[in-house]
Amino acid sequence: MIINNLKKIRSTISAAICFYLLVSSVASLAQQNFDDVEINVLHVQGNIYMLVGEGGNITLQAGDQGVLLVDTMYAPLSDKVFAAIRTISDKPITYILNTHGHPDHIGGNANLAMMGSNIAGGNTIDLFAGTGEQAKIVAHENVVTNILAQDNPIPIEGWPTDTYYTAKKDLFFNGEAIMIIHQPNAHTDGDSLIFFRRSDVISTGDIFTTTGYPFIDAANGGTLQGILNALNNVLDMAVPADRQENGTMIIPGHGRLTDEADVLDYRDMLTIIRDRIAYRVDQGDSLSQVKATEPTFDYDVRYGADSGFWTTEQFVEAIYNELSAQ
Amino acid sequence: MKKFNHSKFCLLLILVIALPAQAQIDLSGEWAAVFHEDSDERRPGPEMVEYQGIPITEAARRRALSWSPSLLTLPEHQCKPHPSDYGSRGPSNMRIWKEINSESQQLIAYHTRIRWQAPERTIWMDGRDHPPEYAAHTWQGFSTGHWEGSILVVRTTHLKQGWARRNGVPRSDLAEFTEHFFRHDNIMTQVVIVNDPVYLTEPFIRTNNWRIDLTQQIPPYLCETVTEIDRPQGEVPHYLPGQNPFLREHAERYNLPMDGVLGGAETMYPSFVE
């Protein structure tokens with residue numbers, strides 16, 4: 001019992017340190033010069049575009065009703081992001097959907113929401129001043145909790161205006177059904193997958209990246225098993241076209257455009273790493289013994305990191321803590 | 001004053017104009033794969049833990065040792081075609097055809113289609129750039145070609161993660177490769193040079209050959225996935241470290257040393273055998 005409690009305490013402290021390092025690195029990035037950052041636009045398919053710059057990828061849906069964004073990168077990039085949006089559409093930004101609450105994905109919420117507007121109707125027009133004068137910001141309600149936990153939270157104008165607490169929330173915008181699907185305890189406890197059904201595109205947030213091992217934000221309820229569950233959900237939702245390619249396109253939180261086959265490789269890798277560590281935990285190995293077996297060695301050159309806010313060592317430690325607490 | 005010789009000038013002009021056509025040998029046609037090289041690996045397929053001759057890293061070796069063929073029973077893995085750096089190794093009867101600009105008659109691209117899983121590939125010949133790094137990766141990658149004399153040289157980037165040998169030896173999605181296509185009458189040779197910063201310590205070089213076949217008909221290839229084994233969601237077949245049951249099978253069958261079958265750059269060279 002005492003050992004389990006100690007493990008939980010260590011796990012919590014470790015996760016809190018990781019989250020602090022993430023927020024600190026984001027804070028230092030905020031002081032960085034973003035002058036050289038370019039926002040590149042890639043048409044994915046249908047109404048969907050991917051905006052790539054510094055921070056999390058932005059998914060953009062454009063149509064007659066307006067512009068919908070999934071995530072907003074860092075605040076200092078908002079003018080460049082807005083300029084990139086204007087190369088695609090001259091309609092107002094009407095919706096911002098957040099995949100989770102980390103600053104590299106929601107930093108531009110306030111700026112971009114204030115540049116937009118939404119159509120207010122019914123009782124809301126008379127009840128709230130300013131209704132309709134900015135874009136709606138939609139996220140799982142735990143995103144608000146995550147923001148509140150941050151030392152330097154984004155301005156309140158960038159907080160979600162429309163939260164959901166159920167398994168999913170639906171939207172119909174620009175002639176397209178959009179499913180916002182909560183993924184419990186994955187990268188954080190507030191993750192949403194965004195599925196554009198007509199365009200056949202899924203935006204994953206940091207549940208899936210092509211640039212490194214996933215950051216398991218245990219301080220905010222993140223778990224590897226939740227990430228694996230979410231990746232398996234993506235595989236269930238995605239349907240590849242001929243020769244196991246294209247079909248449903250998948251925009252990761254960071255990195256390049258992908259499809260089901262890329263998510264599959266990532267899911268396979270994380271499952272294999274989990275199984276290796278789980279086997280050692282079942283054998284009664286300590287964390288240092290598990291580390292000595294180098295359970296990620298064959299993937300480290302591609303996905304590992306020796307420095308930065310999320311190292312391979314921290315990744316292994318987070319999985320060990322999660323599995324040994326079960 | 002010496003009289004200007006119109007006929008010689010015209011002949012010279014014709015020769016100069018004809019030079020590119022002479023240098024750029026047409027590769028179009030139906031090509032039957034010739035399996036005289038590496039036949040055992042290419043047709044029945046390699047055995048488990050048969051990595052010799054590949055300059056793999058230790059990471060690639062460990063990953064290959066954890067690979068289970070049962071992975072291919074998962075529906076999402078069943079219809080994957082060979083990536084373009086490996087496609088020529090399998091049942092690779094191939095059609096090559098040209099895409100020509102109807103106005104300028106310039107060569108825009110070569111297209112290829114290979115029999116197994118029927119992957120179609122485009123080799124752009126119009127000087128276009130490769131896509132940015134954030135663009136999608138595909139099984140065939142993005143290929144551009146140019147002529148070096150009569151040799152077609154092709155560079156391919158944007159590959160999906162694939163395999164260096166179809167027994168689990170990985171090739172990463174950061175790899176790129178260069179090909180040289182030579183045609184000698186009815187025989188075509190392809191030299192493939194793969195560079196992988198993740199799983200290779202040196203360039204991995206292979207050659208493949210085809211013979212022109214005027215009667216060849218490549219049939220349609222349909223692939224539909226099926227649930228072969230009813231597994232729990234998310235189960236991924238693999239071997240835990242040290243538990244690959246086939247570790248010594250190939251080495252013992254052919255009386256080969258383990259450090260040979262486990263591959264690595266040194267196993268590519270005759271000095272290793274000596």
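In chain A, strands β10(A) and β11 (residues 201-205) run antiparallel and are joined by three bridges. This pairing belongs to a predicted model. I194(A) has S203(A) as its bridge partner in β11(A). The two strands form a hairpin, with four residues between them. Within that turn, D200(A) adopts a positive phi of about 60 degrees.

A further partner of β10(A) is strand β9 (residues 176-183) of chain A. Here the pairing is antiparallel and extends over six bridges. In this pairing, S192(A) of β10(A) stands opposite H182(A). Strand β10(A) itself spans residues 191-196 and is mostly covered. Six of its six residues are buried. D191(A), L193(A) and F195(A) point one way from the strand, whereas S192(A), I194(A) and F196(A) point the other way. Residues pointing either way are buried. Thus S192(A), opposite H182(A), and I194(A), paired with S203(A), point the same way from β10(A).

The wider fold of chain A comprises eleven helices and 13 strands. Of its 326 residues, 57% are buried. Contacts between residues at least 6 apart in sequence were also examined in chain A. Among these, 64% join residues at least 24 apart.

Two residues of one loop in chain A call for comment on their backbone. Most residues other than glycine have a negative phi. Q244(A) is not a glycine, yet its phi is positive, at about 55 degrees. The residue is found in the loop between α7 (224-237) and β12 (249-252) of chain A. Q244(A) has 5% relative accessibility and therefore counts as buried. N246(A) lies in the loop between α7 and β12 of chain A as well. Its phi is near 55 degrees, again a positive value in a residue other than glycine. N246(A) has 35% relative accessibility, so it counts as partly exposed.

Chain A also meets chain B. The size of an interface is often given as the accessible area lost when the parts come together. Between chain B and chain A, the buried area is about 3200 Å². Carbon and sulfur atoms give 54% of this area. On the side of chain B, R62(B), E76(B) and Y134(B) lose the most area to chain A. Together these three residues account for 22% of what that side buries. The contact takes 39 residues from chain B and 34 residues from chain A.

Polar and charged pairs also cross this interface. Five salt bridges are found between chain B and chain A. One links the side chains of K160(B) and D259(A), at 2.6 Å from N to O. Residue pairs in polar contact across the interface number 20, with both residues at pLDDT 80 or more. On the side of chain B that touches chain A, α3 (58-66) and α4 (75-78) each supply at least two residues. The largest share, five residues, comes from α3(B). By class, this side of chain B has 19 nonpolar, ten polar and ten charged residues.

Note on methods
Residues numbered from 1 in each chain as written. Chains lettered and ligands numbered in written order. Predicted model: local features only at pLDDT ≥ 70, side-chain atom pairs only at ≥ 80, totals over all residues. Heavy atoms only, no water. Buried < 20%, exposed > 50% of the residue type's maximum accessible area, 1.4 Å probe, protein only. Pairing = 2+ DSSP bridges. Contact = heavy atoms within 4.5 Å. Buried area = accessible area lost by both parts, 1.4 Å probe. Salt bridge = Lys/Arg side-chain N within 4 Å of Asp/Glu carboxyl O. Polar contact = N/O pair within 3.5 Å; in protein donor to acceptor, adjacent residues only side chain to side chain. Nonpolar A, V, L, I, M, F, W, Y, C, P; charged D, E, K, R; others polar.
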